[in-house]
Amino acid sequence: READHRAWTPVSYTVTRQNATVQGLTEGKAYFFRIAAENIIGMGPFTETTKELVIRDPITVPDRPEDLEVKAVTKNSVTLTWNPPKYNGGSDITMYVLESRLIGKEKFHKVTKEKMLDRKYTVEGLKEGDTYEYRVSACNIVGQGKPSFCTKPITCKDEIAPPSLDLDFRDKLIVRVGEAFSLTGRYSGKPAPKVTWLKDDIVVKEDDRTKIKTTPTTLCLGILKSVREDSGKYCVTVENSTGSRKGFCQVNVVDRPSPPVGPVIFDEVHKDHMIVSWKPPLDDGGSEITNYIIEKKDTHRDMWMPVTSATVKTTCKIPKLLEGRDYQIRIYAENLYGISDPLISDEMKAKDRFRVPDAPEQPIIKDVTKDSAVVVWNKPYDGGKPITNYIVEKKETMATRWVRVTKDPIFPSTQFKVPDLLEGCQYEFRVSAENEIGIGDPSPPSKPIFARDPIAKPSPPVNPEAVDKTKNSVDLSWQPPRHDGNGKIIGYLVEYQKVGDEEWKKANLTADSCPETKYKVTGLTEGLTYKFRVKAVNAAGESEPAYVPDPVEVKDRLEPPELILDANMAREQHVKAGDTLRLSAVIKGVPFPKVSWKKEDHEVSPKADIEVTGVGSKLEIRNTVHEDGGIYSLTVENPAGSKTVSVKVVVLDKPGPPRNLQVSEVRSDSCYVTWMEPEDDGGSVITNYVVERKDVASAQWVAISSSSKKRSHMAKYLMEGTQYLFRVAAENQFGRGPYVETLKPIKAIDPLHPPGPPKNLHHVDVDKTEVSLAWNRPDRDGGAEITGYLVEYQEDGADEWTKFQTVPMLDCVVTGL
């Protein structure tokens with residue numbers, strides 16, 4: 001099977017030997033083979049070749065080269081040529097080996113260089129008068145083949161004769177197109193001269209029509225079926241080492257002309273005649289035009305009528321036309337060798353044709369200044385009547401109305417300087433042409449222009465200098481250029497160059513990215529030295545560069561931190577609760593210091609907004625509360641040192657609630673309320689306290705004091721027996737703090753005392769085991785209704801009284817005696 005196919009093809013079924021010949025293979029293709037044994041039972045498994053075999057003949061050394069010839073002999077060199085062997089042995093020729101033998105010697109010696117494949121070789125450095133013979137062998141991948149047959153013995157000597165040239169043609173030759181011509185001659189010379197043909201100083205090359213034949217004695221250039229392009233000055237050069245000879249012939253291949261060049265232009269059209277014009281043929285056929293043949297045809301008829309056949313001008317009057325008819329014009333060119341193909345015009349109606357001029361092409365604006373511009377246009381077709389005036393109009397680009405720039409006539413000039421423009425405004429212009437028929441259409445508007453003086457490139461920036469630097473950046477500053485070239489400076493281009501390099505690198509790609517007279521060049525390498533330069537840019541382009549005088553070494557400039565405190569960083573800062581606290585300071589130092597804020601040596605509250613810029617830092621707390629007060633510190637630090645400032649912040653607020661509210665000395669119509677000052681006075685002196693009371697059955701609190709500066713108050717005018725609650729709040733200049741309230745109601749009653757002793761105790765009856773007693777009410781009840789009387793008895797002589805019982809009435813019977 002072929003290596004790139006999958007299908008197997010049988011070769012033979014009946015081989016009984018252990019070998020077989022496979023026929024019909026294709027040279028150069030790769031194949032796999034397989035074989036199987038077969039007996040009466042059947043066929044066994046196949047065995048396959050392990051790798052592909054490429055079909056090619058076995059390789060041998062090449063045959064001997066052929067036709068070894070001596071081409072030239074001088075006193076110290078011999079030039080030889082040969083042809084390749086008939087068979088290369090099945091492998092490409094890799095080189096040729098040329099050998100020589102000095103007559104009288106036995107051995108041949110190799111004279112060619114290594115790996116020579118050219119079949120021409122010049123043996124140089126020979127001795128004049130010596131005689132040699134030569135042979136050549138071919139080599140392929142197998143080895144070197146047999147040498148060729150030897151040359152005849154060759155003696156080294158010069159053969160010299162100057163070239164001679166004998167030509168069969170004259171200086172000029174005229175040939176008709178399609179005919180053949182040849183230039184022939186004879187030549188001689190020793191060594192054999194080289195023959196070169198030139199046409200118009202360009203070497204002539206053979207092709208299908210051009211044949212060059214050179215024998216050792218004759219030369220010939222032949223051209224079949226000549227064309228116009230074969231015209232030219234032909235030159236043959238015969239040259240050898242002793243000199244050269246040249247022969248010339250001017251060949252002119254002539255033909256009838258090409259058609260006149262259209263279109264046919266109707267310069268004038270009238271009801272009975274027309275005047276037409278055209279352009280001469282591109283090719284006059286190698287002979288000047290002797291005349292033009294002009295014919296006309298009414299488009300309703302098929303016949304062409306002659307107008308003239310005797311004019312050499314490229315314009316002609318077509319007479320005797322019928323008004324209103326459409327005509328076509330046909331024009332031939334003629335020379336000595338024939339008549340061209342015709343040029344046929346478009347149809348044209350015979351009638352008087354006068355109209356307003358065409359619209360001019362779009363005008364061009366030049367020489368613009370801040371108040372004027374020059375409008376230039378081309379003359380349009382005049383409509384058949386001469387143009388008498390041009391009308392130039394202007395308008396601002398955003399406007400809709402066109403305005404004439406002058407009432408004076410503009411003619412015959414095709415340009416006009418428009419005055420009285422407004423500086424900075426954008427204008428468009430258009431032009432119309434006028435003849436006796438009327439005013440034609442206006443031209444398309446010109447491209448818009450701004451009325452401003454032309455601008456030039458600016459002068460270079462002034463005094464560029466490096467004003468600051470860090471370990472990877474340099475700050476540059478400069479003054480604007482002295483002259484802006486009458487154009488606004490768009491910006492500046494900053495470039496830098498590492499000392500020792502030739503290339504300048506751009507720090508900013510566009511000028512509008514650096515509109516200010518300063519720029520920070522970043523991305524530099526610490527420790528290297530750089531040069532800097534700056535260019536100014538306006539609409540006209542870039543200025544010459546201005547250079548920073550001295551190279552700058554990129555490294556940090558160390559300056560210890562410095563704090564310039566704002567007014568809000570005084571020793572003590574008061575802020576009202578709910579307002580915003582702002583602390584800020586200007587920071588200096590190189591490199592820019594690290595900034596940290598602390599409150600009482602702890603981190604500041606998360607609600608604080610801290611902002612750090614390249615020039616300072618700001619701390620801001622919105623909606624301050626009393627807890628935001630305290631001592632705040634700002635620390636700035638860099639490798640050159642550190643600095644810290646502190647400020648006491650007092651957040652002024654309403655006071656807290658009074659403490660330890662108590663009610664004492666309760667009476668039926670009054671009581672005494674006391675309290676202690678609040679823990680927090682809100683940062684301001686407490687001006688007074690507000691005391692209020694409330695009947696527990698009522699929803700309304702009633703103020704009983706709102707201006708007390710003391711921490712106690714006598715609450716009067718209470719209603720006896722009513723239960724009351726009391727509350728107290730502190731006030732300062734920022735408002736009233738929260739109230740503190742009594743925990744339980746207080747009842748307005750006088751304080752209770754034990755009643756007095758009953759009066760007039762006596763017995764009213766006595767029995768053997770009981771006594772009936774009676775008594776009167778005591779003088780005082782102790783401030784409360786008497787609820788009962790406790791009766792006790794004591795046996796005479798004993799120490800202890802024995803309780804009997806408590807009775808509600810003023811009498812009692814004591815039993816169990």
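Me: What makes the meeting of the Arg711 and Glu677 side chains a salt bridge?

Reply: It comes down to distance in this predicted model. The Arg711 and Glu677 side chains come to 3.4 Å, N to O. The cut-off is within 4 Å for a Lys or Arg side-chain nitrogen and an Asp or Glu carboxyl oxygen, so the pair qualifies. The pair also links distant parts of the chain, 34 residues apart: Arg711 sits in the loop between β58 (702–708) and β59 (712–715), and Glu677 in the loop between β56 (671–676) and β57 (688–695).

Me: Why can such side chains pair at all?

Reply: Opposite charges can pair when the charged atoms come close.

Me: Are Arg711 and Glu677 buried or exposed, and what values put them there?

Reply: In between. Arg711 has a relative accessible area of 44%, and Glu677 has 32%. Buried needs under 20% and exposed needs over 50%, so both count as partly exposed.

Me: What makes Arg736 and Glu731 a salt bridge, and which of them is buried?

Reply: Their side chains meet at 2.7 Å, N to O, which is within the 4 Å limit, so that's a salt bridge. Glu731, at 17% relative accessibility, falls under 20% and is therefore buried. Arg736, at 36%, doesn't, so it goes down as partly exposed.

Me: Which residues do shared partners join into one salt-bridge network?

Reply: Glu495, Arg533, Lys535 and Glu542. One of the links is Lys535 with Glu542, at 3.4 Å from N to O. Lys535 is called buried because its 12% is under the 20% mark, while Glu542, at 35%, is partly exposed. For the whole structure, the salt bridge count is 31.

Me: How do you know how spread out the protein chain is?

Reply: Secondary structure first: zero helices and 68 strands. The radius of gyration is 66 Å, well over the 28 Å that the globule rule gives for 817 residues, so the chain is more spread out than a compact globule. Along the principal axes, the C-alpha trace spans about 200 × 115 × 80 Å. Buried residues make up 36% of the 817, and carbon and sulfur atoms supply 49% of the roughly 50,300 Å² exposed.

Me: Why is Val61 allowed into a nonpolar surface patch?

Reply: A patch residue needs over 30% relative accessible area, and Val61 has 33%, so it clears that bar. Val61 lies in the loop between β4 (53–54) and β5 (66–73). Ile59, Ile141 and Val142 make the patch with Val61, and its area is about 340 Å².

Me: Where do the "Ig-like" domain labels come from, and what does the chain show there?

Reply: The labels come from an unreviewed UniProt entry, which lists residues 163–252 and 561–646. Such annotations may be inferred rather than shown by experiment. In the model, residues 163–252 are 0% helix and 64% strand, with end C-alpha atoms 29 Å apart. Residues 561–646 are 0% helix and 62% strand, with ends 16 Å apart.

Me: And what about the "Fibronectin type-III" label?

Reply: UniProt (unreviewed entry again) gives several spans, including 259–353 and 359–454. Residues 259–353 come out at 0% helix and 53% strand, with end C-alpha atoms 29 Å apart. For residues 359–454 the figures are 0% helix, 33% strand and 30 Å.

Key:
Residues are numbered from 1 along each chain as its sequence is written. This is a predicted model: local features need pLDDT of at least 70, side-chain atom pairs count only at pLDDT 80 or more; totals for chains, interfaces and linings use all residues. Side-chain values use heavy atoms; hydrogens and water are left out. Helices (H or I, at least four residues) and strands (E, at least two) are DSSP runs, numbered from the N terminus. Buried means under 20% relative accessible area, exposed over 50%, partly exposed in between (1.4 Å probe, protein chains only). Patches are made of residues with over 30% relative accessible area and no salt bridge: like charges are joined within 9 Å, nonpolar side chains (Val, Leu, Ile, Met, Phe, Trp, Tyr) within 5 Å. Accessible areas come from the Shrake-Rupley method with a 1.4 Å probe; for residues, only the protein chains shown count as cover. The radius of gyration is taken over C-alpha atoms; the globule rule is 2.2 Å times the number of residues to the power 0.38.
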